[in-house]
Amino acid sequence: MLGQAILELEEKLKAMTDELATIRRYVEQLEEDNITMQNIIRKKNMSVSGRGNLISLFEAGFHVCPSHFGEIRDGDCLFCVSFLDRDRSGKD
């Protein structure tokens with residue numbers, strides 16, 4: 001009985017350790033993406049306008065839609081495109 005409880009605790013500990021390692025890798029990737037985005041912003045001196053900044057970020061391969069803002073895109077995102085189209089009619 002006690003041996004079984006210890007085995008279950010060890011299994012839970014391993015699962016938690018694996019999950020923590022996954023979270024750490026995710027955080028490291030987010031930090032790298034953040035540095036990349038900051039470098040792009042500095043490099044392009046994106047102080048033109050809010051809309052110009054969003055377009056530059058989108059063209060650099062980042063999401064500009066509210067739900068995934070700042071994440072790296074894999075191809076076009078309909079949410080980003082519609083967000084930029086909607087923003088076109090507004091002011092900066």
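Visitor: Which residues of helix 2 are buried?

Guide: In this predicted model, the buried residues of helix 2 are Arg51, Leu54, Ser56, Leu57 and Phe58. Helix 2 covers residues 50-59, and just after helix 2 comes glycine 61, which takes a positive phi of about 100 degrees.

Visitor: Which residues of helix 1 are buried, and what covers them?

Guide: Asp33, Met37 and Ile40 are the buried residues to note in helix 1, and the cover over the buried residues of helix 1 includes helix 2.

Visitor: How should I read the length of helix 1 against what is expected?

Guide: The general idea is to allow 1.5 Å a residue, so the 43 residues of helix 1 should span 63 Å, and this agrees with its end C-alpha atoms, which are 63 Å apart.

Visitor: Which residues make up the largest nonpolar core?

Guide: As a general idea, nonpolar side chains tend to be buried together in soluble globular proteins. Here the largest nonpolar core has 12 residues, among them Met37, Ile40, Leu54, Leu57, Phe58, Phe62, Phe83 and Leu84. At least two residues of this core come from each of helix 1 (2-44), helix 2 (50-59) and helix 3 (78-88).

Visitor: What sits over the ring of phenylalanine 58, and how many aromatic pairs does the structure hold?

Guide: The charged end of arginine 73 sits over the ring of phenylalanine 58, at 3.8 Å from the centre of that ring, while the structure holds 0 aromatic pairs.

Visitor: Where does glycine 70 lie, and is glycine 70 buried or exposed?

Guide: Glycine 70 lies in the loop between helix 2 and helix 3. The general step is to compare the relative accessible area with the cut-off for burial, which is under 20%; glycine 70 has a relative accessible area of 12%, so glycine 70 is buried. Leaving aside neighbours within four places in sequence, glycine 70 is in contact with Met37, Phe62 and His63. Asparagine 34 is 36 residues from glycine 70 in sequence, and the two are 7.7 Å apart in space, C-alpha to C-alpha.

Visitor: How many helices and strands does the chain have, and what share of its residues counts as buried?

Guide: The chain has 3 helices and 0 strands, with its elements running α-α-α from the N terminus on. Of its 92 residues, 23% count as buried, and the chain exposes about 7,300 Å², of which carbon and sulfur atoms supply 59%. Among contacts between residues at least 6 apart in sequence, 29% join residues at least 24 apart.

Key
Residues numbered from 1 in each chain as written. Predicted model: local features only at pLDDT ≥ 70, side-chain atom pairs only at ≥ 80, totals over all residues. Heavy atoms only, no water. Phe/Tyr/Trp six-rings, centres within 6.5 Å; stacked < 30°, edge-to-face > 60°. Lys NZ or Arg CZ within 6 Å of the ring centre and 35° of its normal. Core = buried A, V, L, I, M, F, W, Y, C linked by side-chain atoms within 4.5 Å. Buried < 20%, exposed > 50% of the residue type's maximum accessible area, 1.4 Å probe, protein only. Helix = DSSP H or I, 4+ residues; strand = E, 2+ residues; numbered from the N terminus. Contact = heavy atoms within 4.5 Å. Areas by Shrake-Rupley, 256 points an atom, 1.4 Å probe, with all protein chains shown as cover. Expected span 1.5 Å × (residues − 1).
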